[in-house]
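Ready for some practice in reading a protein model? Take the exercises one at a time, and try each task before you look at the solution.

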Amino acid sequence: MSPTAALYDPDALRLLEARATEACGGYAFTLMQRAGQAAWRYLLDYWPQAQRIVVACGPGNNGGDGYVLATHAQRSGRDVRVLRLDQHAPRSELARRACREYLESGGRIENFDEAMPAADLFVDALFGIGLSSAPDAATTAMIDATNVQPAPVFALDVPSGVDAGCGHVPGTAIVATRTLQFIAAHCGLATGKALDHTGACDFASLDVPSSAFDGIPVAATALGPDALSGWLQPRPRDSHKGSNGHVLCIGGDHGSGGAVMLCAQAALRCGAGLVSVATRGEHVSALLAHCPEVMVHSVESADALAALLLRATVIAIGPGLGQASWGRTLLDSATTAGKPALLDADALNLLAATPRPVPSDTILTPHPREAARLLGTTASNVQADRYAAARELATRFDCVVVLKGAGTIVAAPGEIPRVIAAGNPGMAVGGMGDVLSGVIAALRAQGLSAFDAASCGALLHAAAGDAAAGDGGERGLLPSDLLPHLRRLANPQVRPQVRR
């Protein structure tokens with residue numbers, strides 16, 4: 001994908017469709033023909049050998065797109081059948097016209113009867129961007145049958161059953177091999193449960209003029225790994241450790257020293273000039289032996305932390321912090337120190353238990369359960385609309401929020417949210433969040449704004465996870481496996497060597 005991609009919500013997409021129709025001289029069917037033709041060309045690109053093609057058509061314009069594709073396939077000599085339910089007869093005039101043209105081309109329509117016919121390719125054209133509730137029982141049976149048949153599945157615009165606005169899957173939904181979005185990319189297909197349903201995701205512009213996008217609000221921006229080079233510029237030749245910031249990592253209550261060490265190591269690998277750790281005395285020797293580059297301090301009270309806070313450029317607090325009195329005391333000191341701060345893990349749980357103001361340039365990095373505690377709701381509700389949860393957290397605490405998970409979302413007051421288009425399921429293991437905290441804190445210490453540090457850090461972390469998974473697979477991936485990849489990816493622009 002490109003380094004950045006604009007994502008739109010369903011309201012914006014409907015307005016874009018209306019403007020695109022105007023650009024077609026007011027002929028809405030022209031736009032439907034373009035969608036069906038684009039889908040047919042896409043089919044030929046990825047499944048050129050498919051001869052038996054089943055197209056499931058719904059009652060609306062998404063079904064109309066399916067009829068147009070089916071017409072192209074019929075005229076090409078393929079063995080095509082449209083499959084639908086009785087209640088899915090075309091309702092819109094556009095869909096009825098597309099259906100008539102398909103039948104006039106010699107096409108056939110069959111009713112779904114609980115079993116899918118054998119096919120080389122299944123095309124999903126049941127529902128488009130308008131679906132926001134769970135499919136009814138008959139449609140659910142049809143979707144379930146589609147998901148268990150062996151042929152690849154090609155979804156038109158949106159995998160049916162997925163909410164295109166937020167990525168929620170309220171019931172059952174098509175699990176597509178590939179999805180082709182029309183006109184623009186949909187924000188709901190970039191995060192959360194939707195990522196288990198889209199497969200490879202592309203979009204066709206349908207030749208909509210760029211002027212149609214004027215004034216249309218962008219819901220979010222997707223960031224691909226190539227965006228890293230925009231933030232991670234080569235350092236000046238006269239750099240020194242003081243110019244690259246001093247990160248103070250606070251955490252590691254009894255039995256949790258590894259968490260804060262992962263945070264510190266990640267901060268070093270991402271370029272912080274100095275990294276200190278404030279932790280329990282029992283961890284000092286082990287941490288120094290494991291990573292002598294880190295300055296480790298035994299801190300048993302707020303008084304012992306004060307001098308370290310003064311020297312820090314950025315504070316990262318939470319990894320292994322615990323929720324006992326030790327952690328609460330250190331969090332109180334950290335959030336009133338007047339320094340840029342990142343709060344993760346138990347720092348977030350303590351914040352949820354005892355809400356307090358945090359500085360406006362603070363970065364919160366919750367996973368869905370931590371976000372739910374901060375919002376006083378459930379993790380299921382957070383996942384049902386990750387954009388809304390991230391926006392609410394950013395507004396409530398007036399700071400930057402990194403809502404972790406599939407399609408991590410970075411939100412801040414007054415900013416268009418950013419979605420991380422990288423990462424993999426192998427990263428769902430304890431300690432990955434500790435590494436992320438160190439990555440973001442290091443970038444913040446090197447001068448990036450809170451929003452940019454959170455965005456670049458989340459992307460760098462996800463890209464390193466993908467690189468590490470490429471070494472041996474996702475299952476069994478360890479947070480420490482990311483460390484060498486973090487260093488490499490944090491240097492995307494290599495300065496040419498000067499020969500003397």
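Before we start, one rule: two strands count as paired if DSSP finds at least two bridges between them. Keep in mind, too, that this is a predicted model.

**Exercise 1. Work out how E1 pairs with the strands beside it.**

Step 1: Look at E1 and E8, which pair in the parallel sense over two bridges. Here Tyr-8 stands opposite His-186 in E8.

Step 2: Now turn to E10. Strand E1 (residues 4-8) pairs with E10 in the antiparallel sense, over four bridges. Ala-6 has Thr-221 in E10 as its bridge partner.

Step 3: Put these pairs into the bigger picture. They belong to an open sheet of 12 strands, in the order E8-E1-E10-E19-E18-E17-E16-E15-E14-E11-E12-E13, and the pairing is mixed. At the edges sit strand E8 (185-186) and strand E13 (295-298), each pairing on one side only.

**Exercise 2. Find a parallel pair further along this sheet, then the helix that packs on the sheet.**

Step 1: Strand E16 (residues 363-364) and strand E17 (residues 400-403) run parallel, joined over two bridges. Across this pair, Ile-363 stands opposite Val-400 in E17.

Step 2: Helix H15 (residues 450-472) packs on the sheet and touches E10, E16, E17, E18 and E19. The direction of H15 makes about 15° with that of E19.

**Exercise 3. Describe the other sheet: what order do E4-E3-E2-E5-E6-E7-E9 give, and how do they pair?**

Step 1: Read the order just given: these seven strands form an open sheet with parallel pairing. The edge strands are E4 (109-111) and E9 (200-204), each paired on one side only.

Step 2: Check the twist, which averages 25° from one strand to the next.

Step 3: Zoom in on E7 and E9, a parallel pair with five bridges. In this pair, Arg-178 stands opposite Ala-200 in E9.

Step 4: Add helix H3 (residues 61-75), which packs on the sheet and touches E2, E3, E4, E5, E6 and E7. Its direction makes about 160° with that of E2.

**Exercise 4. Describe how helices H6 and H14 meet.**

Step 1: Start with the axes. Those of H6 (residues 257-269) and H14 (residues 432-445) come within 7 Å and cross at roughly 35°. The crossing is right-handed.

Step 2: List the contacts. On the H6 side you'll find Ala-259, Leu-262, Cys-263, Ala-266 and Ala-267; on the H14 side, Asp-434, Val-435, Ser-437, Gly-438, Val-439 and Ala-442.

Step 3: Sort them by class: eight nonpolar, two polar and one charged.

**Exercise 5. Test the length of helix H2 (residues 28-46).**

Step 1: H2 has 19 residues, and at 1.5 Å a residue it should span 27 Å. The trick is to multiply by one less than the number of residues.

Step 2: The end C-alpha atoms of H2 are 28 Å apart, which agrees.

Step 3: While you're there, look for buried residues in H2: among them are Phe-29, Met-32, Trp-40 and Leu-43.

**Exercise 6. Decide whether Asp-157 and Asp-398 are buried or partly exposed.**

Step 1: Locate them. Asp-157 lies in the loop between E6 and E7, while Asp-398 is in the loop between H13 and E17.

Step 2: Note the backbone. Neither is a glycine, yet phi is positive: about 75° for Asp-157 and about 50° for Asp-398.

Step 3: Apply the cut-off: buried means under 20% relative accessible area, and exposed means over 50%. With 7%, Asp-157 is buried; with 44%, Asp-398 counts as partly exposed.

Definitions and conventions. Residues are numbered from 1 along each chain as its sequence is written. This is a predicted model: local features need pLDDT of at least 70, side-chain atom pairs count only at pLDDT 80 or more; totals for chains, interfaces and linings use all residues. Side-chain values use heavy atoms; hydrogens and water are left out. Contact means heavy atoms within 4.5 Å. Axes are lines fitted to C-alpha atoms, for helices over the stretch in contact, and angles run from 0 to 180 degrees between N-to-C directions. A crossing is left-handed if the near helix is turned anticlockwise from the far one by less than a right angle, and right-handed if clockwise. Ala, Val, Leu, Ile, Met, Phe, Trp, Tyr, Cys and Pro count as nonpolar, Asp, Glu, Lys and Arg as charged, and the others, Gly among them, as polar. Buried means under 20% relative accessible area, exposed over 50%, partly exposed in between (1.4 Å probe, protein chains only).
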